[in-house]
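Colleague: Could we take a close look at the aromatic contacts in this model, and at the charged side chains around them? I should like one connected account.

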Amino acid sequence: MRLATLRTAEGTRAARRDGESYVLLPHSDVSGLLNSGENWLEAAAAADGERLADAEADFAPVVPHPNKIICLGLNYATHIREMGRDTPRYPTLFAKYDGSLIGAHDPITLPKVSDTVDWEAELAFVIGRAARHVSKSDALGYVAGYSVANDVTVREYQRRTREFLAGKTFEGTTPFGPELVTADEFGGKEPDLEIRCEVDGEVMQHSRTSDLLFGIADIVAYVSGIITLLPGDVICTGTPGGVGDGRDPKVYLKEGQTLRTVVEGLGETVNVCVREARV
């Protein structure tokens, strides 16, 4: 099943893809659906009613206001090498705030305070039920589904301190969507999917999600030992090699460029870079 959060004249609505249209669900967004009860998957599958055609779909972030956005750094060997880091023994975690999230086709805001804005294509997943001290063997049962994200990063701010957050949560920078593909589509297994990032049609990153250092089950087990994961929480799993900051010379996003992030079977985000007004 494919779920989305769509903007309508009355506000956002959760929706289920049905062929060439979306069935609107009685929830304001996908998080509302996930928090509606244990049988949310069956309820979403059975729902029928008002529809929007594909051409009318205006995608909000698939979960617009998650309780938590947890991200992993240094989680592909190729990215670890290009950044000159040691292989971590444990997942490298940092947070992001919901003000950074944008829809699959919304513009990316290049902040006026820096020109060092970089791309980071990522597989994202969303938690489907509360998880605390979950074992690795049970962890995938807590995943609602998978989506596409790009952890667009302001490198200058990321490096100002040891903590990553300042460079990772600039307003209006993180494409997330367009849909959530439910975990049952993958038969209870971790997905092995092609992941790709393009800037103005040039491929910058190309890998597979099976190359993750810490996989989905590892992440859920580890993070749930720290804090309770809640339905609608978003986890971004890290980026492969090919970022602009790892190149010689370094390359960063510019106004007017188009950033395209594709994960096999999940869809794509396509976002034009727009410079924040320098006043």
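Modeller: Tyr-146 makes a suitable starting point: with a relative accessible area of 1%, this residue is buried. The model is a predicted one. Tyr-146 pairs with Phe-186 in an edge-to-face arrangement, with 5.3 Å from centre to centre and 85 degrees between the planes. Tyr-146 belongs to strand E11 (residues 143-150), whereas Phe-186 lies in the loop between strand E13 (174-182) and strand E14 (194-199), so the pair ties together parts that are 40 residues apart in sequence. Phe-125 joins Tyr-146 and Phe-186 to form one aromatic cluster. The structure holds six aromatic pairs.

Another of these contacts is formed by Tyr-157 and Phe-170, an edge-to-face pair at 5.1 Å centre to centre with 85 degrees between the planes. Tyr-157 sits in helix H4 (residues 155-158) and Phe-170 in the loop between helix H5 (165-168) and E13, and the pair links these distant parts of the chain, 13 residues apart. Both Tyr-157 and Phe-170 are buried.

Charged groups also meet aromatic rings. The charged end of Arg-160 is placed over the ring of Tyr-157, 3.8 Å from its centre. Arg-129 lies over the face of Tyr-142, at 3.9 Å from the ring centre.

From here the account turns to the salt bridges, of which the structure holds 25. Arg-159 forms one with Asp-245, where the closest N and O atoms are 2.2 Å apart. Arg-159 is in the loop between H4 and H5, and Asp-245 is in the loop between strand E16 (234-236) and strand E17 (258-263), so this pair ties together parts that are 86 residues apart in sequence. Asp-245 is buried, its relative accessible area being 3%.

A further salt bridge joins the side chains of Arg-260 and Glu-198, at 3.0 Å from N to O. It links distant parts of the chain, Arg-260 being in strand E17 and Glu-198 in strand E14, 62 residues apart. Arg-260 counts as partly exposed at 25% relative accessibility, while Glu-198, at 11%, counts as buried.

Asp-18 and Arg-16 also form a salt bridge, with 3.9 Å between the closest N and O atoms. Here Asp-18 is partly exposed at 32% relative accessibility, and Arg-16 is buried at 9%. Finally, a network of salt bridges links Lys-96, Asp-118, Glu-120, Asp-151, Arg-155 and Lys-168.

Conventions. Residues are numbered from 1 along each chain as its sequence is written. This is a predicted model: local features need pLDDT of at least 70, side-chain atom pairs count only at pLDDT 80 or more; totals for chains, interfaces and linings use all residues. Side-chain values use heavy atoms; hydrogens and water are left out. Rings of Phe, Tyr and Trp (its six-membered ring) pair if their centres lie within 6.5 Å; planes under 30 degrees apart count as stacked, over 60 as edge-to-face and the rest as tilted. Helices (H or I, at least four residues) and strands (E, at least two) are DSSP runs, numbered from the N terminus. Buried means under 20% relative accessible area, exposed over 50%, partly exposed in between (1.4 Å probe, protein chains only). A charge sits over a ring if NZ of Lys or CZ of Arg is within 6 Å of the ring centre and within 35 degrees of the ring normal. A salt bridge is a side-chain nitrogen of Lys or Arg within 4 Å of a carboxyl oxygen of Asp or Glu.
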